[in-house]
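Let's take a walk through this structure, starting from one residue and working outwards. Have the model open as you read.

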Amino acid sequence: MNFKSWLIHIGKSERSAKSYAGAISGVMSAWAKGAGLVTESLLEIQDYRVLQQVSSSLVEQVIFIQRNTKGNGMYSAALRNYEDYLRDITGEELAEDLEAIIQDDAIPTTEKSTFFNARVGQGKFRKALIDQWQGCAVTGFSDTRFLVASHIKPWKASNHKERLDPYNGLLLLPNLDKVFDLGYISFKETGEILIHDDLEEHALLGVSPSLTVKLDDQHQENMDYHRRQVFKH
């Protein structure tokens, strides 16, 4: 799936998808080349970590600052979305997390499979969420074959206890899991949904301002972290 198609897949309008993809392949690639940051199009970058390094320098260029201000943040939004795209399609972040489990001497060998399964949303973590929610935490959809065990506080930011804690998880439909994981939605302390402005045509993804989740006190700290650190501001 190319960048433009992915943008449409996550709820961007055709117009925005075309603008973001065109900005990355066009003027922003030219600015990056002019600054000596890349030799080819930004679309040739296939590692989100490399893109992060390039982006951190690109956003400091005078032409970027000027044009991004004039464009009401369109170019910075395009960069953020391209990073999300790379993280999503390459699976590198998952591979890194699984390798970290293997290398972590603090986790007994006999318990590594538990953390492996928790990272990919399976095993005891998933079962605990099914027992807790009995269906999608937001919509109530009850066929658990189609639901994803999603961490609230991201895996990388969590300690070992939090990674296995069912109160650091939501059982979600795949469409909701994706936009929650990428920070396009979050939930207030009272459970009402927060929808970022960048999630255009969100209704096509089944995302509605009327959606809510019932959060227990034990969820609140993790959801607060998600609102502050994951939800796009």
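Start at Tyr 82, which is buried, with a relative accessible area of just 1%. Bear in mind that you're looking at a predicted model. Tyr 85 is buried too, at 7% relative accessibility. Both tyrosines belong to helix 6 (residues 74-90), and being three residues apart there puts about one helical turn between them.

What about the rings themselves? A pair of aromatic rings is described by how far apart the centres are and by the angle of the planes. The structure has eight aromatic pairs. For Tyr 82 and Tyr 85, the ring centres are 5.6 Å apart and the planes sit at 25 degrees, so this pair counts as stacked; the cut-off for that label is under 30 degrees. The two tyrosines also have company: ring pairs join them with Phe 3 and Trp 6 into a cluster.

Rings turn up in another kind of contact as well. Lys 153 lies over the face of Tyr 225, 5.1 Å from the ring centre. Likewise, Lys 232 lies over the face of Tyr 184, at 5.1 Å from the ring centre.

Now move to helix 2 (residues 14-25) and helix 3 (residues 27-34), which pack at an angle of about 20 degrees with their axes 3 Å apart. These two helices are therefore roughly parallel to each other, since angles under 35 degrees get that label. Where do they meet? Helix 2 brings Gly 22, Ala 23, Ile 24 and Ser 25, while helix 3 brings Val 27, Met 28 and Ser 29. The residues of this contact split into four nonpolar, three polar and no charged.

Note on methods
Residues are numbered from 1 along each chain as its sequence is written. This is a predicted model: local features need pLDDT of at least 70, side-chain atom pairs count only at pLDDT 80 or more; totals for chains, interfaces and linings use all residues. Side-chain values use heavy atoms; hydrogens and water are left out. Rings of Phe, Tyr and Trp (its six-membered ring) pair if their centres lie within 6.5 Å; planes under 30 degrees apart count as stacked, over 60 as edge-to-face and the rest as tilted. Helices (H or I, at least four residues) and strands (E, at least two) are DSSP runs, numbered from the N terminus. Buried means under 20% relative accessible area, exposed over 50%, partly exposed in between (1.4 Å probe, protein chains only). A charge sits over a ring if NZ of Lys or CZ of Arg is within 6 Å of the ring centre and within 35 degrees of the ring normal. Axes are lines fitted to C-alpha atoms, for helices over the stretch in contact, and angles run from 0 to 180 degrees between N-to-C directions. Angles under 35 degrees count as roughly parallel, over 145 as roughly antiparallel, 65 to 115 as roughly perpendicular and the rest as oblique. Contact means heavy atoms within 4.5 Å. Ala, Val, Leu, Ile, Met, Phe, Trp, Tyr, Cys and Pro count as nonpolar, Asp, Glu, Lys and Arg as charged, and the others, Gly among them, as polar.
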